[in-house]
Amino acid sequence: MRADLVRDDLWERVGPLLPTSARRHRHPGRPRVPAKAALAAIMYVLRTGVAWRDVPAETMGCSGVTAWRRLRDWTEAGVWPRLHAALLAELRHAGSLDLDDCGVDGSHVRALKGGDHVGPSPVDRARPGSKHHLIVDRHGTPLAVTLTGGNRHDVTQLLPLLDAVPLMRGRRGRPRRKPRRLYADRGYDFDKYRRLLWRRGIKPLIARRGVAHGSGLGKVRWVVERAFAWLHQFKRLRTRYERRADLHHGLLELACSIISLRRLRAAF
């Protein structure tokens with residue numbers, strides 16, 4: 001197993017969240033692959049983008065098939081959202097989250113094998129694609145991510161993204177999940193959604209269509225684009241290969257957790 005794929009600080013946070021499997025006593029069979037080795041194989045696929053069958057079992061200590069099964073089991077058990085929420089709470093405790101100003105945006109990726117949440121992409125000649133929708137804080141830390149078909153409008157995920165932000169503890173007082181100001185580009189320019197944001201106590205700062213550039217919103221909103229660049233450094237996310245939408249979404253949440261952990265390392 002490559003130690004650089006699963007560093008100690010990552011394993012200390014993931015290990016307690018993993019579900020335990022019942023051990024068979026009558027016919028135990030072969031020893032179960034250690035969870036840390038399986039996580040390293042998942043990280044290998046996430047970073048390099050190789051097919052599951054091409055995972056080097058001798059180096060990883062885990063075959064690609066086993067790693068895929070663990071990803072399936074851990075995704076269904078809700079490991080990745082809990083990991084991300086725990087890291088966000090640590091970041092808030094360290095004073096490294098700025099929830100006053102947040103930004104949202106979407107990004108297209110190709111979906112080569114089809115599956116759920118796939119649609120004709122309007123920016124890729126109607127080829128099958130999916131969309132990553134992201135909300136970040138002032139520093140570009142991912143707060144929540146959703147997955148839709150490539151033909152879904154960005155604005156349809158504005159409220160689901162806000163609802164997906166976990167309650168963040170880490171400081172005295174009530175947990176927090178709601179930004180004070182929300183920045184977005186012209187794709188979110190609908191007065192209906194502005195009114196909905198105001199009702200939630202959020203000030204919408206959304207660029208208007210048909211208005212010349214130079215609104216000044218880009219001084220804050222650029223962090224969303226940088227966050228997508230961080231996210232798509234994980235090569236498995238640049239193109240969607242998983243037919244199961246929940247598994248691709250699980251990899252997205254794992255990548256967001258890794259980005260949050262990097263921010264946490266920089267805070268100390």
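These exercises, each with a worked solution, explore a predicted model.

**Exercise 1. Find how many residues of helix 2 are buried, and what covers them.**

Solution.
- Start with the extent. Helix 2 covers residues 35-48.
- Check its span. The 14 residues of helix 2 reach 20 Å from first C-alpha to last, close to the 20 Å expected at 1.5 Å a residue.
- Count the buried positions. Ten of the 14 residues are buried, so helix 2 is mostly covered.
- Name some of them. Ala37, Leu39, Tyr44 and Val45 are among the buried residues.
- Look for the cover. It includes helix 1 (8-14), helix 3 (57-60), helix 4 (64-76), helix 5 (79-93) and helix 9.
- Step past the end. Gly49, just after helix 2, takes a positive phi of about 80°.

**Exercise 2. Work out how helix 2 is oriented against helix 9, and which residues meet there.**

Solution.
- Take the geometry. Helix 2 packs against helix 9 (residues 245-266) at an angle of about 90°, and their axes are 11 Å apart.
- Classify the angle. Angles of 65 to 115 degrees count as roughly perpendicular, so helix 2 is roughly perpendicular to helix 9.
- List the partners. From helix 2 come Ile42, Met43 and Leu46; from helix 9 come Leu251, Leu254, Ala255 and Ile258.
- Sort by class. This contact has seven nonpolar residues, with no polar and no charged ones.
- Link back to the first exercise. Ile42, Met43 and Leu46 are buried.

**Exercise 3. Compare His117 and Arg125: where does each lie, and is each buried or exposed?**

Solution.
- Recall the background. Most residues other than glycine have a negative phi.
- Check the backbone. His117 is not a glycine, yet its phi is positive, about 55°. Arg125 is not a glycine either, and its phi is also positive, about 55°.
- Place them. His117 lies in the loop between strand 1 (101-111) and strand 2 (119-120). Arg125 sits in the loop between strand 2 and strand 3 (128-136).
- Judge exposure. His117 is partly exposed because its relative accessibility is 44%. Arg125 has 75%, so it counts as exposed.

**Exercise 4. Describe the surroundings of Lys178.**

Solution.
- Locate it. Lys178 is in the loop between helix 6 (158-164) and strand 5 (181-184).
- Judge exposure. Its relative accessible area is 41%, so Lys178 is partly exposed.
- Find contacts. Leaving out residues up to four places away in sequence, Lys178 touches Leu99, Arg200, Gly201 and Ile202.
- Look closer at one partner. The Lys178 side chain reaches the backbone oxygen of Arg200 at 2.9 Å.

How values were computed:
Residues numbered from 1 in each chain as written. Predicted model: local features only at pLDDT ≥ 70, side-chain atom pairs only at ≥ 80, totals over all residues. Heavy atoms only, no water. Axes fitted to C-alpha atoms, helices over the stretch in contact; angles between N-to-C directions. Helix = DSSP H or I, 4+ residues; strand = E, 2+ residues; numbered from the N terminus. Parallel < 35°, antiparallel > 145°, perpendicular 65-115°, else oblique. Contact = heavy atoms within 4.5 Å. Nonpolar A, V, L, I, M, F, W, Y, C, P; charged D, E, K, R; others polar. Buried < 20%, exposed > 50% of the residue type's maximum accessible area, 1.4 Å probe, protein only. Polar contact = N/O pair within 3.5 Å; in protein donor to acceptor, adjacent residues only side chain to side chain. Expected span 1.5 Å × (residues − 1).
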